[in-house]
Amino acid sequence: MFACTGYAATAADAPLAPFGFERRDTGPEDVRIDILFCGVCHSDLHQARNEWRNTIYPCVPGHEIVGRVAETGSSVTRFRTGDLVGVGCLVDSCRTCQSCRDGFEQYCENGFVGTYNGQDRHGRGITFGGYSRAIVVDQAFVLKVPDNLDPAAVAPLLCAGITTYSPLRHWKVGPGQRVGIVGLGGLGHMGVKFARAFGAEVVLFTTSASKIEDGLRLGAHQVVLSRDPDAMARETGRFDFILDAVAANHDINAYLNLLKRDGTLVQVGAPEDPLPVSVFGLLMKRRSFAGSLIGGIPETQEMLNFCGEHGITADTEMIRMDQIEAAYERMLRSDVKYRFVIDMATLPAVA
Ligand SMILES: [Zn+2]
Ligand SMILES: [Zn+2]
């Protein structure tokens, strides 16, 4: 074991604070990574504050990790010391079920191991995430980061990026299709970038007029204010695919009605309460309403390579580690363009 420092929540109502803990030594299959940057995902806040009622304290959040390889285990062949690498939402899974064998570790039938608040398969402890100086991860769950991209702006790709990339790919979004992205936040802004890069006609739906300009700059061909009933009515039945990234409760039927025959709406934002769905809206045009969870390791690597080839990264705001609570408060007000990233050099040397 080696001593590591990080930032942890020790209770639902306690602000995150410096925390000392131990990480396992580098095993034969392991990669030890010195963390450079960690993105701030809304899940971090939910978990730190026990809003999903399953948090085990102390909790070190963070699953949008970019760093450099500091040490490799004896069986590691794909990585070398100094490589720029990433770790996303998963650090392990059963590796034997059908989903794992198909490369969909996020749907592991025995439950994947989350990067934080997960049941560690290397011991009886709980996993600690990326708000920390270093992390040790099995090579099978470590991703190569293209060298031509800004590493800080790559970090959010590991959760927000793959969460939007995966459904756009799975439902084969591309040229000739009209695609809606609902909500311009951490997820939505990546959805706009990817849908545009895949060649679709992209329409952003937002509640706030102040985001029109940004939506167009990020790649949307058109921005529709969802609070304008006339503007929404004009879009009825015009979409092949809609990606809904809104995590707050909202009227899902208003968007299902925008789908063409056989169109699909995929929900990636996760509202706390069930959404009432009008079944007639679905059956009249054979529409589908689906969900999608992050992405597996092969697809996450494919996404990073795609981003390298097309120069795609997240729009970020850099913060110091000790600004995390203020960042959470701003995130709750949607006051971030469009992802906070922590500069891990600002972590105190000793907790
Ligand atoms: Zn996340
Ligand atoms: Zn599995």
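Take residues 11-342: the C-alpha atoms at the two ends of this span sit 21 Å apart, and the stretch is 25% helix and 25% strand. UniProt, in an unreviewed entry, gives residues 11-342 the feature "domain: Enoyl reductase (ER)". Keep in mind that you're looking at a predicted model. Here's a quick tour of a zinc site, a pocket and one leucine.

**The zinc site**

- Four cysteine sulfurs hold the zinc ion (ligand 2): the protein donors are Cys94 (SG), Cys97 (SG), Cys100 (SG) and Cys108 (SG), at 2.3 to 2.4 Å from the ion.
- The angles among the four donor atoms run from 103 to 121°, and the site of the zinc ion (ligand 2) is tetrahedral. For reference, the ideal angle for four tetrahedral donors is 109.5 degrees.
- If you want to spot the donors in the sequence, look for the spacing C-x2-C-x2-C-x7-C.
- Cys94 is in the loop between S6 and helix H2 (98-101), while Cys108 is in the loop between H2 and strand S7 (113-114), so this pair ties together parts that are 14 residues apart in sequence.
- Are Cys94 and Cys108 buried or exposed? Cys94 has 13% relative accessibility and counts as buried, because the cut-off is under 20%. Cys108 comes in at 9%, so that residue counts as buried too.

**The second largest pocket**

- The second largest pocket has a volume of about 380 Å³.
- Its lining is made up of 21 residues, and those nearest the centre of the pocket are Arg23, Arg24, Asp120, Ile126 and Thr127.
- Which elements give two or more residues to the lining of this pocket? They are strand S2 (17-23), strand S6 (90-92) and strand S8 (134-138).
- S8 supplies the largest share of the lining of the second largest pocket, with four residues.
- By residue type, the lining of the second largest pocket divides into eight nonpolar, five polar and eight charged residues.

**Leu158**

- Where does Leu158 sit? You'll find Leu158 in the loop between helix H3 (151-154) and helix H4 (160-170).
- With a relative accessible area of 2%, Leu158 is buried, because anything under 20% counts that way.
- Leu158 and Glu317 are 159 residues apart in sequence, and their C-alpha atoms are 16 Å apart in space.

Terms used. Residues numbered from 1 in each chain as written. Chains lettered and ligands numbered in written order. Predicted model: local features only at pLDDT ≥ 70, side-chain atom pairs only at ≥ 80, totals over all residues. Heavy atoms only, no water. 1 Å grid on protein atoms, 1.4 Å probe; cavity = no way out; pocket = protein on both sides within 12 Å on 5 of 7 lines; lining within 4 Å. Points joined across faces, edges and corners; volume = space filled by probe spheres on them. Nonpolar A, V, L, I, M, F, W, Y, C, P; charged D, E, K, R; others polar. UniProt positions renumbered as here; feature names shortened; annotations may be inferred. Donors = N, O, S within 2.8 Å, 3.2 Å for Na, K, Ca; no water. Tetrahedral: all angles 85-135°; square planar, octahedral: opposite > 155°, others 65-115°. Buried < 20%, exposed > 50% of the residue type's maximum accessible area, 1.4 Å probe, protein only.
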